[in-house]
Amino acid sequence: MAGQHRDQPTTAGRDGRVDVPRLRRALGIGTATGIVSAFPLWKIPRKPLALWSGGIAAAVATGALILKRDQYEREAEVQGDARTEVSRARRLGAPVATGVIFGGLMAGSMWLTSVTDEWSEKLIARLGAPRPRATYAVLAGVGTALVDYFDE
């Protein structure tokens, strides 16, 4: 590790040295995961949770795709590669369809997350933890930090 510049990322070598920037990142992500996991997501009614998260994700994805396409079109005009005019329905079709698909995936993901969150908390309670939610949050945070640190 000798001879490396300070701004270059380092990894833990065979000599056992700890990569401090990677450790900080792992601890930060683990802490954030632990804090978020402390909130019982499964207590929010699943249907509204899925519909709201899916709707918001669809709107954000659609808007981002439309803005990105408009940016590419403006850049093409500046470079002299202007495209032919297309109807509004065709211009909005692909971004809206992609947004709807992404929103549906997000809604399903949130529903499944809510179900597994409930199962996990109940399993930890059956295993005898006095505070199942706190135990769940600590396990999630530590697990995330370990995976983030050791997975290159």
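Which residue meets Arg25 in a salt bridge, and what is the distance from N to O? The side chain of Asp148 does, at 2.8 Å from N to O, where a salt bridge is taken as a side-chain nitrogen of Lys or Arg within 4 Å of a carboxyl oxygen of Asp or Glu. Before I go on, please keep in mind that this is a predicted model, in which local features need pLDDT of at least 70 and side-chain atom pairs count only at pLDDT 80 or more, whereas totals for chains, interfaces and linings use all residues. Residues are numbered from 1 along each chain as its sequence is written, and side-chain values use heavy atoms, with hydrogens and water left out.

Let me set out the overall fold. The protein chain has four helices and zero strands, both being DSSP runs numbered from the N terminus (helices are H or I with at least four residues, strands are E with at least two). From the N terminus on, the order of elements is α-α-α-α. Of the 152 residues in the chain, 26% are buried, and here buried stands for under 20% relative accessible area, exposed for over 50%, and partly exposed for what lies in between, with a 1.4 Å probe and protein chains only. If we take the contacts with a separation of 6 or more, 73% of them are between residues 24 or more positions apart, a contact being heavy atoms within 4.5 Å. The accessible surface comes to about 11,300 Å², and 64% of that belongs to carbon and sulfur atoms; these areas come from the Shrake-Rupley method with a 1.4 Å probe, and for residues only the protein chains shown count as cover.

Returning to the opening pair, Asp148 lies in helix α4 (residues 132-150) and Arg25 in helix α1 (residues 20-37), so the salt bridge ties together parts that are 123 residues apart in sequence. Asp148 is itself buried, with a relative accessible area of 15%. In total, the salt-bridge rule gives a count of seven.

Two more of these bridges involve Arg69, which counts as buried at 18% relative accessibility. Arg69 forms one with Asp70, where the closest N and O atoms are 3.2 Å apart, and another with Glu73, where the corresponding distance is 3.6 Å. Arg69 and Glu73 both lie in helix α2 (residues 46-78) and are four residues apart, about one turn of the helix. Elsewhere, salt bridges that share partners join Arg46, Glu118 and Lys122 into one network.

Helix α2 deserves a closer look. Its 33 residues should span 48 Å at 1.5 Å a residue, and the end C-alpha atoms are indeed 48 Å apart, which agrees; the expected span is 1.5 Å times one less than the number of residues. The buried residues of α2, among them Leu49, Ala57, Ala61, Ile66 and Ala76, pack against α3 (88-126). Val60, by contrast, also lies in α2 but counts as exposed, at 56% relative accessibility. Just after α2, Gly80 takes a positive phi of about 85 degrees.

What, then, does Ser114 touch, not counting residues up to four places away in sequence? Ser114, which has its place in helix α3 and is buried at 0% relative accessibility, touches Leu41, Trp42, Ile44, Arg46 and Leu49. Trp111 lies in α3 as well, but this residue is partly exposed, at 44% relative accessibility. With the same sequence neighbours left out, Trp111 touches Arg46 and Ala50, while its C-alpha atom is 7.3 Å from that of Leu49, a residue 62 positions away in sequence.

I will finish with the aromatic rings. A search of the whole structure finds one aromatic pair, formed by Tyr149 and Phe150, which is edge-to-face, with 5.0 Å from centre to centre and 85 degrees between the planes. For this purpose, rings of Phe, Tyr and Trp (its six-membered ring) pair if their centres lie within 6.5 Å, and planes under 30 degrees apart count as stacked, over 60 as edge-to-face and the rest as tilted. Within this pair, Tyr149 is buried, with a relative accessible area of 11%, whereas Phe150 counts as exposed, at 61%.
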